[in-house]
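The following exercises concern burial, packing and annotated repeats. Each task is followed by a worked solution.

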Amino acid sequence: MPERNESSWNNLMSGYVRVGMYGEALDFFREMRDVGSKPSGFAIASLIGACADPEFVSLGKVLHGITILTGLDENVIVGNSLVTLYCKSGLMTEARKVFQTLPRRDEVTWNALIGGHADNEEAEKAIEAFKLMREQSMGISYITIANVLGACTTAIDLLEHGMSIHSYIVQKGFGSDEYVQSSLISMYAKCGDIDSSCRIFDAIPNKKNAAWNALIAASAKHGYAEEALKLLINMKRDGIRLDQFGISECLAATAQLAVLEEGQQLHGLAVKLGLDSDPFVANATMDMYGKCGEIEDALRTIGQPIDRSRLSWNILISSFAKHGHFEKAIKTFHEMQELGVKPDQVTFVSLLSACSHGGLVEEGLRYYYSMTKEFNIPPRIAHCVCMIDLLGRSGRLTEAETFIKEMPIPPSDFVWRSLLAACKVHGNPELGRKAAENLIALDPSDDSAYVLYSNVCSTSGRWGDAENVRSQMGSRKVQKQPACSWVKLKNQVSSFGVGDNSHPQSPEIYKKLDELKKRIIEAGYVPDTSYALQDTDEEQKEHNLWNHSERLALAFALINTPEGSTLKVFKNLRVCGDCHSVFKFVSGILGRKIILRDAFRFHHFAGGNCSCSDYW
């Protein structure tokens, strides 16, 4: 063009933003400023929207400064973009300041603020903003309702706010909107009332994708993974078109259940429907293979390094960490940076977890401090839990206690539970008592607080204290989560509890265990009865150890699988140290590969060794 006016520049810059070419848009903006052309309110709003990511927030602040210098900061479209920018970057103080200084606010402004509070888990402030919006007679839309419902995430939120918002929805006639229906289903499930989610779903006359996907996601995320898979089957039978959201949530459900065959079938269905290249489905597929113990299949499904999203990199780091490939996890972290992909807070959770489970204490400490100083990522509770785990596993309990005192955010139940578990491993009953007291104060019904502290006392030989803790548990009617292990063979899941005799093959299972016991004792196995947490004689303690659920599942798998095949055993709690030793000996004397997935990670046993190098 021989001549360019401001419209030419603004239109082309906005075009770059619309097609996601944010870097080019920013370069074009600089060039535009150099030639003295002024951005329009719409164009700079688009550019600010392109910075709505923690990675680009500093650039967004520069653009905010430019809007003030050019007088565009009072433009409502620009103001809305700034509120959204700060909300998505987790900077809610800045978001509120922009909101309060705007001379005019529209429905979009209010929705951005409410959604920001919801996304940043500030339920009370989201509800307060919703009330103010209504008082000022602003137009309430389904977007407003979906945002404020998203702020309710606990049983208390449901009682104090969620139910009254539901009443408002019915009163104002929003109940027939499919997005509001989906948001209600999700809200009740997040608040722990999945039955109400199901009732709302059942009451919808013509269910569309959004409602089905909401209930599938709710079921998958809140402990009803099997129900999520059944819902997908029913959805297909009813002729509802399956999309990437339903498929990816069901892949997450198979990962949760660790049912590889069903996950493979879903992967095949995604290929058939042409959804396998969708980012949601591709990442869920990779995550499913990783959590089902098939790390090689996970690596096959991930794209070339240059094409990977940050989420793909995060899943890969997490998969390596869970399978004991700690050095590969760290190498992957550096590789993603070399290719220009910046880590986010999720990346560091996976990385710090890898350091924790690998005993890489100094590396973990270095990465934690670089997260805030080098990458400007503020620590969240998940990072702090990883650090307590990292220090606790290595026996640096005093440092762990100091870290908790100096944390930038209040310690949660996860923090105290992690410290309490470390006290059990390293036999520190006094610090364990402090951790248990704080954990019980946060949640008196948390069974892990009583069980872990009782175990700390038992391990230290303080049987009287252990009995007192169990008595408190009984008087408060707190029930211990029972240990359970399972094996899936030929579409049939066989599960076992401690000392279980209910399985039809129980006689053969216990006979197999006696045989294994004799053979591994000959190979040098010595039982570690410190893991038998009852005050009995040594013989009874050893007998109790051989009743552990993972040993019953192992014996069952050995009886029912061909020689040379890889065994897979799953457990809902952390594997005990003596069972870990038994699995190592069995893998050595029988020449069998065994994969054990407990509540925290995978253990790959082969030739008498484990991938965790006895550090988990």
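Contact here means heavy atoms within 4.5 Å. The model is a predicted one.

**Exercise 1.** Identify the residues that Ile-247 touches, leaving aside those up to four places away in sequence, and place Ile-247 within its nonpolar core.

*Solution.* Step 1: apply the contact cut-off of 4.5 Å between heavy atoms. Beyond its sequence neighbours up to four places away, Ile-247 touches Leu-232, Leu-242, Leu-269, Ala-270, Leu-275 and Val-281. Step 2: turn to the core. The largest nonpolar core has 145 residues, and Ile-247 is, with Ile-145 and Leu-419, among the three that touch the most other members. Helix H23 (residues 381–393) supplies the largest share of this core, seven residues. Step 3: look beyond it. A second, separate core holds 28 residues, including Phe-496, Tyr-525, Leu-552 and Leu-567.

**Exercise 2.** Explain why helix H3 (residues 41–50) is described as largely enclosed.

*Solution.* Step 1: list the buried residues, with buried meaning under 20% relative accessible area. In H3 these are Gly-41, Ala-43, Ile-44, Ala-45, Ser-46, Leu-47, Ile-48 and Ala-50. Step 2: find the cover. Helices H1 (6–18), H2 (22–34), H4 (57–70) and H5 (76–88) are included in what covers them. Step 3: conclude. Because eight of the ten residues of H3 are buried, the helix is largely enclosed by the rest of the structure.

**Exercise 3.** Describe the chain over residues 5–39 and over residues 344–379.

*Solution.* Step 1: consult the record. An unreviewed UniProt entry annotates "repeat: PPR" over several spans, among them 5–39 and 344–379. Step 2: read each span. Residues 5–39 are 74% helix and 0% strand, with end C-alpha atoms 11 Å apart. Residues 344–379 are 75% helix and 0% strand, and their end C-alpha atoms lie 11 Å apart.

Terms used. Residues are numbered from 1 along each chain as its sequence is written. This is a predicted model: local features need pLDDT of at least 70, side-chain atom pairs count only at pLDDT 80 or more; totals for chains, interfaces and linings use all residues. Side-chain values use heavy atoms; hydrogens and water are left out. Buried means under 20% relative accessible area, exposed over 50%, partly exposed in between (1.4 Å probe, protein chains only). Helices (H or I, at least four residues) and strands (E, at least two) are DSSP runs, numbered from the N terminus. UniProt positions are given in the numbering used here, feature names are shortened, and annotations may be inferred rather than shown by experiment. A nonpolar core is a set of buried Ala, Val, Leu, Ile, Met, Phe, Trp, Tyr and Cys residues joined through side-chain atoms within 4.5 Å.
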